[in-house]
Amino acid sequence: GRVRPVAKELSQAQIERYADATGDHNPIHVDEAFARTTPLGGTVAHGMLVLAAISEMMAASFGEAWLTGGKLKVRFRGPARPGDTITASAQETPRDGPGLVYVVECRNQRGEVLINGTAEVPSRD
């Protein structure tokens, strides 16, 4: 089945809300003056905030099957920054055995890969 991509624009305010929700106030996420002095050159979103776009996309397509039995195996490839628009997408891939496997990725508006990997969806009984 076709999975519809999910796009989100990231803002510093959203990153700060995520920091509050998770308790992860690492200055690389929330302190712009500090973050400018690092090799990243500015604040970046939490990896899990970016990853959430992939989970949301899979949940929208597969609902309960994803929420109860879905598996993600991903690598973080690059940082997402405030002002970026991130797009999660999925491509079904052949599989031996039950269930579905998708190649998933999240890219920014420049087409740079931020996260990639696979998502497994169990077969519906």
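**Close-up views of the predicted model**

**View A. Six bridges join strand S2 to strand S5, and the two strands run antiparallel.** The model shown in this and the following views is predicted. Lys71 has Glu120 in S5 as its bridge partner. Phe76 is likewise placed opposite a residue of S5, namely Ile115. Strand S2 is hardly covered: among its six residues, the count of buried residues is zero.

**View B. The whole protein contains four helices and five strands.** Read from the N terminus, the elements follow the order β-α-α-α-α-β-β-β-β. The C-alpha trace spans about 50 × 30 × 20 Å along its principal axes. Of the 125 residues in the protein, 34% are buried. Among contacts with a separation of 6 or more, 60% are made by residues 24 or more positions apart.

**View C. Five strands form an open sheet in the order S1-S3-S4-S5-S2, with antiparallel pairing.** The edges of the sheet are S1 and S2, each of which pairs on one side only. On average, and with direction ignored, neighbouring strands of the sheet are turned by 20° against each other. Helix H4 packs on this sheet and touches S1, S2, S3, S4 and S5. The direction of H4 makes about 15° with that of S5. In general, strands of a sheet pair through backbone hydrogen bonds, in either a parallel or an antiparallel manner.

**View D. Strands S4 and S5 form a hairpin with five residues between them.** The two strands run antiparallel and are joined by eight bridges. One of the residues to follow here is Glu105, whose bridge partner in S5 is Asn116. In the turn of the hairpin, Gly111 has a positive phi of about 85°.

**View E. Helix H4, residues 47-69, spans only 22 Å between its end C-alpha atoms.** A straight helix of 23 residues would span 33 Å at 1.5 Å a residue. Helix H4 is bent by about 130°, and the bend is located at Phe62. Phe62 also belongs to the buried residues of this helix, which are Leu49, Val50, Leu51, Ala53, Ile54, Met57, Met58, Phe62, Ala65 and Trp66. The elements that cover these residues include helix H1 (12-22) and the strands S1 (6-9), S2 (71-76), S3 (85-93), S4 (100-107) and S5 (113-121).

**View F. Ala52 is a residue of helix H4.** Ala52 has a relative accessibility of 32% and therefore counts as partly exposed, since the buried class lies under 20% and the exposed class over 50%. Ala52 and Phe34 are 18 residues apart in sequence, and their C-alpha atoms are 26 Å apart in space.

**View G. The count of aromatic pairs comes to one.** This pair is made by Phe62 and Tyr102, whose ring centres are 5.5 Å apart and whose planes stand at 55°, so the pair is tilted. The two rings link distant parts of the chain, with Phe62 in helix H4 and Tyr102 in strand S4, 40 residues apart. Phe62 is buried because its relative accessible area of 9% falls under the 20% cut-off. Tyr102 is also buried, with a relative accessible area of 1%. In general, the distance of the centres and the angle of the planes describe a pair of aromatic rings.

**View H. Arg95 lies in the loop between strands S3 and S4.** With a relative accessibility of 34%, Arg95 counts as partly exposed. When residues up to four places away in sequence are not counted, Arg95 touches Leu100, Val101 and Glu120. Arg95 and Glu120 are 25 residues apart along the chain, and a distance of 10.0 Å separates their C-alpha atoms. Glu120 also appears in View A, as the bridge partner of Lys71.

Terms used
Residues numbered from 1 in each chain as written. Predicted model: local features only at pLDDT ≥ 70, side-chain atom pairs only at ≥ 80, totals over all residues. Heavy atoms only, no water. Expected span 1.5 Å × (residues − 1). Bend = angle between axes of the 7 residues up to and from the residue. Buried < 20%, exposed > 50% of the residue type's maximum accessible area, 1.4 Å probe, protein only. Contact = heavy atoms within 4.5 Å. Phe/Tyr/Trp six-rings, centres within 6.5 Å; stacked < 30°, edge-to-face > 60°. Pairing = 2+ DSSP bridges. Axes fitted to C-alpha atoms, helices over the stretch in contact; angles between N-to-C directions.
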